[in-house]
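Grab a pencil and work through these exercises one at a time. Try each task yourself before reading its solution.

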Amino acid sequence: MISAVKPAIQAARSPAHRWILPLILGVAMMAVLSAQSPSDPAMDWSLADSPAIASPSDAFPTSELTLTSKETPSLELDGPQSIETIVIENLTEPIGADPSISYTRQQVMQWAYQHSPEANMIDQESRAVACGVDCDDDDAVCQLRLIRSVLAEIALGRRSDDAADAAKAYDRLVAAQLGKQIARQGIEVQNRLIDLANEADRLGVPDGNVLQLQQAKLVWQDMEVQQTFATQKLRQELARRTGQPEFEVALAVTIDSLQSIESVDAGFSVATALDNRNDLKAVKQLCAGMRSCNLSSARQLIGALSPGAGLAITSAAGKKLFSCFSPDANTSDLSCRRQQCSLLRESLSDVIRNETLQAVLDVRLANARLGLIDRQLQWAEERLAETKAAIELDQQPVGSDDLIRLELEKLRGDQLARQVDVSLAITEWKRVQGIVLK
């Protein structure tokens, strides 16, 4: 950093070439400005890559986010291309989205809710249990009633979790596409700085730093490649979670922007969670429906809801492992199981309350951090306006505004990452309340 600033000071003393200063400072700045990546790099899935977003976020108020392959900036550097560079460009060039195929967050969640593999298996288990029950056997019907009521709530809980996971994948996909737009805008600004440096080299001006500026451009190119492959990975994940055809998901246009919320009420959120959580409803169904006629099933259900609980004494006693225990049908055993179920209900209520309060804090934290980056962006935009006015009056060197634009793109990357945090926190806040689809 210091070695880059020293020649900048010397160059600034020459009034004939005052615009060289921002070029050299640009090299030093790009050494510390790293583009923020909102999701992990992904493995190659398909050449199809959605280049359009119908509802851009606030980070791009004036730019059109629907791109075609003609508008995609090239990743090549000045000079001959290597085979590796050509391969990367072919992989990252989008085929194009089908405007007739569009997905909303609500659609994706609904598909995932219906497609939930684990919930479907639980429902199938419930149907299988019913097939082997003699309707004339009152005890068997009593056990079946309890089993089906508890399994139904467990399945609904799994569906809600899968819907939330699909919503999070949708938000990450939106962020990956927006991140690619940020990278392309950064590349455009970097190209302008490279053009200025090339002009300085043609005129014989020393310290043009073309090579260093080209190396700094690779930071933005790396971000674009990462977001392209992340987009492909997230589309594959959405296809798996929703059960939609892969070729359709690969070309679908995402409609919704990232979620936002002004504030959340902790007390109301906890009350909503205690009323709507399906796992708590399952325990309540178990406690309310426990009878002497379904005690053996109640033990197994307790064990399913809380591993380690609900030891099947009947089975153990039948094998003479615990012959000292009382018979299965005694009333004291039923009373103990009801007390155990009540303890499980109270424990789960405490867990749900804690999860909800944590989710509320996560939403508030994400909103607070987003507010800070929004303020930084506002100040950087004000600096850009002042610098452009100063350049017109020859009070600032040519290229100073592009340096601020690079800083703005970096801040927009940070803003996008925090917008993703807010949206994911909102989805988790809804999930712990059991209101993902409401």
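**Exercise 1. Salt bridges in helix α14**

Task: Find how many salt bridges the protein has, then look at the pairs E409 with R412 and K410 with D414.

Solution:
- Step 1. Keep in mind that you're looking at a predicted model. The count comes to 19 salt bridges when a side-chain nitrogen of Lys or Arg has to be within 4 Å of a carboxyl oxygen of Asp or Glu.
- Step 2. Take E409 and R412: their closest N and O atoms are 2.8 Å apart, and the two form a salt bridge.
- Step 3. Now place them. Both sit in helix α14, which covers residues 400–433, and they are three residues apart, about one turn of the helix. E409 and R412 are both buried.
- Step 4. Do the other pair. K410 and D414 form a salt bridge too, with closest N and O atoms 2.7 Å apart. Because they are four residues apart in α14, about one helical turn separates them. D414 has 12% relative accessibility, so it counts as buried.
- Step 5. Some bridges share partners: D161, K168, E428 and R431 are joined into one network that way.

**Exercise 2. A charge without a bridge**

Task: D162 has no salt bridge; work out which side chain of opposite charge is nearest, and how far away it is.

Solution:
- Step 1. Locate D162: you'll find it in helix α6, residues 138–202.
- Step 2. Recall the general idea: side chains of opposite charge can pair when their charged atoms come close.
- Step 3. Check the candidate. The nearest oppositely charged side chain is R241, 4.5 Å away. The cut-off for a salt bridge is 4 Å, so this pair doesn't make the list.
- Step 4. Look at the surroundings. D162 is buried, and beyond its close sequence neighbours (within four places) D162 is in contact with A112, S116, P117 and R241.

**Exercise 3. Two more residues of α6**

Task: Decide whether S160 and A163 are buried or exposed, and list what they touch.

Solution:
- Step 1. S160 is in helix α6, and so is A163.
- Step 2. Buried means under 20% relative accessible area. S160 comes in at 10%, so it is buried. A163 is at 0%, so it is buried as well.
- Step 3. Skip neighbours within four places in sequence. S160 then contacts Y113 and V436, while A163 touches M109, A112, Y113, V436 and L437.
- Step 4. Compare sequence with space: A163 and W111 are 52 residues apart along the chain, yet their C-alpha atoms are 7.8 Å apart.

**Exercise 4. The largest pocket**

Task: Describe the largest pocket: its volume, its lining and the helix that gives the most.

Solution:
- Step 1. Start with the volume, about 360 Å³.
- Step 2. Go to the lining. It has 18 residues, and R158, D161, R277, N278 and D279 lie nearest the centre.
- Step 3. Sort the lining by type: seven nonpolar, five polar and six charged.
- Step 4. Ask which helices take part. α6, α10 (278–289), α11 (295–305) and α13 (331–392) each supply at least two residues, and α6 gives the most, with six.
- Step 5. Zoom in on R277 and D279. They form a salt bridge, with closest N and O atoms 2.9 Å apart. R277 is buried because its relative accessible area is 9%, whereas D279 is partly exposed at 27%.

How values were computed: Residues numbered from 1 in each chain as written. Predicted model: local features only at pLDDT ≥ 70, side-chain atom pairs only at ≥ 80, totals over all residues. Heavy atoms only, no water. Buried < 20%, exposed > 50% of the residue type's maximum accessible area, 1.4 Å probe, protein only. Lys, Arg positive; Asp, Glu negative; His and termini not counted. Contact = heavy atoms within 4.5 Å. 1 Å grid on protein atoms, 1.4 Å probe; cavity = no way out; pocket = protein on both sides within 12 Å on 5 of 7 lines; lining within 4 Å. Points joined across faces, edges and corners; volume = space filled by probe spheres on them. Nonpolar A, V, L, I, M, F, W, Y, C, P; charged D, E, K, R; others polar.
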